[in-house]
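Open the model in your viewer and keep the selection tool at hand. We will go from stop to stop, picking a few residues each time and looking at what is there.

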Amino acid sequence: MSQPTQSQFGAPYPGGPEGFVPQAQPRNGLGTAGLVLGIIGLVVAVIPLLFWLGGFLGLLALIFGLVGLGRAKRAQATNKGIALAGTILGGVAIAAGIAMGVVTVLAVDKAVDEINKSVESVATEDAKNQEPADAATDAAADTGEEPIAEGEILAGGDAVIYDDKLTVTVSEPKAYTPSEFAIGHTKGNKAYQVTVVIENAGKEKFDSTLVTADARAGEDGVEAEQIFDDKVGSGFDGNIAPGKKVTVTYAFDAPAAAKTLTVEVSPGIMHDATQWELKL
């Protein structure tokens, strides 16, 4: 006679003999999570701007790993090695995050110092660049003369000072005798020579290739043609180094009755042209 599958005091156990208890599943989740977070935290911790996130993930990995080790000790989990690895990686990620944080703070502090030094250097350089203009102003004050700005019409011997400390001076006119083979001189006209001096008091070299000098004569302002011969007409050429000056002589052909000669000098496309009103 078959035995009933029912206990004396309770309901029958389904699918098995009397007294069978199902085995619990291992709780390995936190140990595995600790390992994954430890790996990710260690990678992120060495990134300069994300070190804080790497340290936080490392802290979570450390906590999950310790909990996983506790479960393995109580036989509730079977991945003791994984939980241990997660715990170790979590601690390493925390240490790496702290170290990278210190390095980042030091790097930012150094960058700020470099920026401050650059700002101070620019300010100092500006102050030095201002000194020549101040010196020119002081010199003019000592001689009782006012400094002349660009754009004004000047007299012979006056100098114009540009913002980049370039100084241009045109002398008083002198009578000039063209050579036999001169170009630009018309018979019956008179020739006059002027000396143009360009001084570079700035910090950068000045390219004088584009310097031009033109003139007009008399009240009607007729063109005074430039004269070219073996003595005049070569013009400016090449660079003028800081602290140096170059002198060039020009000659112009003017009607015999002209009483004035207006000479216009243009240092180049970066400078405005300036005129000198010269008495003949």
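Select Pro242 first: is this residue buried or exposed, or something in between? Pro242 counts as partly exposed, because its relative accessibility is 37%, and partly exposed covers the range between the 20% limit for buried and the 50% limit for exposed. This is a predicted model, so please read each stop as a description of a prediction. Pro242 sits in the loop that links strand S10 (239–240) with strand S11 (245–254). Now add Gly202 to your selection. The C-alpha atoms of Pro242 and Gly202 are separated by 5.7 Å, although the two residues are 40 residues apart along the chain.

From that loop, step into strand S11 and look for its partner. Ten bridges join S5 to S11, and the two strands run antiparallel. To see one pair of facing residues, select Val196 together with Val248, which stands opposite in S11.

Keep Val196 highlighted and turn to another partner of strand S5 (residues 190–200), namely S3. Which residue of S3 has Val196 as its bridge partner in S5? That residue is Val170. S3 and S5 pair in the antiparallel sense, over five bridges. For a second facing pair, pick Thr167, which stands opposite Glu199 in S5.

Stay with strand S3 (residues 166–170) and colour it by accessibility. Four of its five residues are buried, so the strand is mostly covered, with buried meaning under 20% relative accessible area.

S3 also leads to S2. Strand S2 (residues 159–161) is joined to S3 by three bridges, and these two strands run antiparallel. Select Val160 and you will find its bridge partner, Val168, in S3. S2 and S3 form a hairpin with four residues between them. In the turn, click on Lys165, which has a positive phi of about 70°.

There is one more short neighbour to visit on S5. Strand S4 (residues 174–175) pairs with S5 in the antiparallel sense over two bridges. Select Ala175 and its bridge partner in S5, Tyr192, to see where they meet.

Next, move to another sheet. It is an open sheet of five strands in the order S1-S13-S12-S7-S8, and its pairing is mixed. Its edge strands are strand S1 (153–155) and strand S8 (222–223), each pairing on one side only. Zoom in on the S8 edge: two bridges join strand S7 (residues 212–217) to S8, and the two run antiparallel. Here Arg216 stands opposite Glu223 in S8.

Leave Glu223 selected and switch on the surface. Glu223 is exposed, because its relative accessible area of 61% is over the 50% limit. Which residues form a negative surface patch with Glu223? Add Asp214, Glu225 and Glu264, and the patch is complete.

For the last stop, keep the surface on and select Val46, Ile47, Leu49, Leu50 and Trp52. Together they make a nonpolar surface patch of about 510 Å². Where is Leu49 placed? Leu49 lies in the loop between helix H1 (29–45) and helix H2 (51–73). Leu49 is exposed too, because its relative accessible area of 66% is over the 50% limit.

Definitions and conventions: Residues numbered from 1 in each chain as written. Predicted model: local features only at pLDDT ≥ 70, side-chain atom pairs only at ≥ 80, totals over all residues. Heavy atoms only, no water. Pairing = 2+ DSSP bridges. Patch = residues over 30% accessible without salt bridge, like charges linked within 9 Å, V, L, I, M, F, W, Y side chains within 5 Å. Areas by Shrake-Rupley, 256 points an atom, 1.4 Å probe, with all protein chains shown as cover. Salt bridge = Lys/Arg side-chain N within 4 Å of Asp/Glu carboxyl O. Lys, Arg positive; Asp, Glu negative; His and termini not counted. Charge placed at Lys NZ, Arg CZ, Asp CG, Glu CD. Buried < 20%, exposed > 50% of the residue type's maximum accessible area, 1.4 Å probe, protein only.
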